[in-house]
Amino acid sequence: MRKKYYYWEKTRRIELMPRDELLELQWKKLRYMINYAYNNTILYHEKWDKAGIKPEDIKSKDDFQKKAPLITKDDIREKMKQGDPYGGTLGVPPEKLHCIASSSGTTGLPTLVGLTKEGWEIHRDEYARVTAMVGCKPGYKILLGGVRWHSGWAAGLYDEACRLLGMTVISSDGLGLHPFMINRNLYYAQHLKPEVLWQFPSTFIRMEEEAKKSGLDPEKIFSCFKIMILGGEPVLPNLRRKWETNYGAEIFEWGGYGSDLCCVFLECQEHHGKHVCEDLFFIEDLDPENLEPVAPMERGRVVLSTLWNEATPHIRFATEDVLTYDPEICNCGRTHMRVWQLGRMTDIVNVKDKRILPWDVESILREIPETETVEYMLVRYAKGPLAKLKVHIEYTPTMGEKEGVKRKIEREISDKLGIPVEIEFVSKEAIMEKQKLKAIRVLDTTDQP
Ligand SMILES: [Zn+2]
């Protein structure tokens, strides 16, 4: 353990718990929640009955992974259409709910999440624990810019987590990219000099742009940040390095399923993967085709069970995301697994025996000076394995002679990913016309390669 953390006395027992004890504790809580969800929610009762499974059939984690049915957002939405706003997930009488929030709804109808008072406190303590993990401590001011639409945060939960650590919360709000909010955040940074920023990278980029537009020097303004917690979307390695160099902050990446599963992942000071609080969540990483668990560091579909939320339990909730995990003890001493979120299942392009995601290519492109800011798309001709990866890349004359730069990019990607690669230069417009509200990075086509 390199540093002494504030709040550590409260959390060190669980964070350093020997892994076998941690897994035993996890199983005990999981077994309790299986029974709880089956006996107290309509959705799980019906789903398990339909699968012919009773909680008493599950005698081990192995049983659980073989027999327990997966639940998807569509299962919940199906119930919502029948008139139940909670989609059959409500596990307590409504009057016991301490707060109600919803998922972001980026993939369809937003689903509700509830917390009892006890659940709210557990979730708050989870945030306090991870915030302390990155070195936050009493006296630090934190600017919560634009990310407060997350369920717990909307209910003031995150503010309270920071206050538990003795920090001062500079209240921003959920307007995110709205120019008013960007400028308000700039004002806060300039005049209050918060030591900590929690933000989306894209919003921080906008803050930098607005600062420059207003004639302010970003290096001067943002040098107040000692800690920048960035995530919710990919944090590109080249930007991360640039920000660390320009502003002198230590950057920590966050992720998870904050808005509907109340789960947060955060990097520790080793900066090698994001820790999961495994006493609060059971994460499975499953082969997308046969749904068998994949080995550590292999790519699988994330399936998550919440071990504490009785208000709206989630048992084997199948997300659409891909991650890898490492269960080995971290150099920081924590025994809880680390994960790397890599993208969406629907974006997988199978090339030979590899599952390639846009992130693999983007993180390489951003390291090549000629392609640091260009638009790109992976091209997918079929779901089955392709012989080589094809990538469309925006070409601009400043990149230099076409053939030479094409070969250079192909070589870089091919060497790093270990697969044959073919680049085709296209116009920016050709890529932009395929874009929707969120960036589309995979182009499906029936044309032959
Ligand atoms: Zn660690």
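**A tour from the C-terminal sheet to the nonpolar core**

Begin with strand β16 (residues 376-380), which runs parallel to β19 and is joined to it by three bridges. Strands here are DSSP E runs of at least two residues, helices are H or I runs of at least four, and both are numbered from the N terminus; two strands pair if DSSP finds at least two bridges between them. This is a predicted model, in which local features need pLDDT of at least 70 and side-chain atom pairs count only at pLDDT 80 or more, while totals for chains, interfaces and linings use all residues. Residues are numbered from 1 along each chain as its sequence is written.

Select L378 next: its bridge partner in β19 is V442.

Add helix α13 (residues 358-365), which packs on the sheet and touches β16, β17 (389-394) and β19. Contact requires C-beta atoms, placed from the backbone, within 7 Å. The direction of α13 makes about 145° with that of β16; axes are lines fitted to C-alpha atoms, for helices over the stretch in contact, and angles run from 0 to 180 degrees between N-to-C directions.

Then show helix α14 (residues 402-417), packed on the sheet against β17 and β18, with its direction at about 140° to that of β18.

Display the whole open sheet of four strands: the order is β18-β17-β16-β19, with mixed pairing. Its edge strands, β18 (421-426) and β19 (442-444), each pair on one side only.

Finally, select F225. Not counting residues up to four places away in sequence, F225 touches E195, V196, L197, Y247 and A249.

Methods. Contact = placed C-beta atoms within 7 Å.
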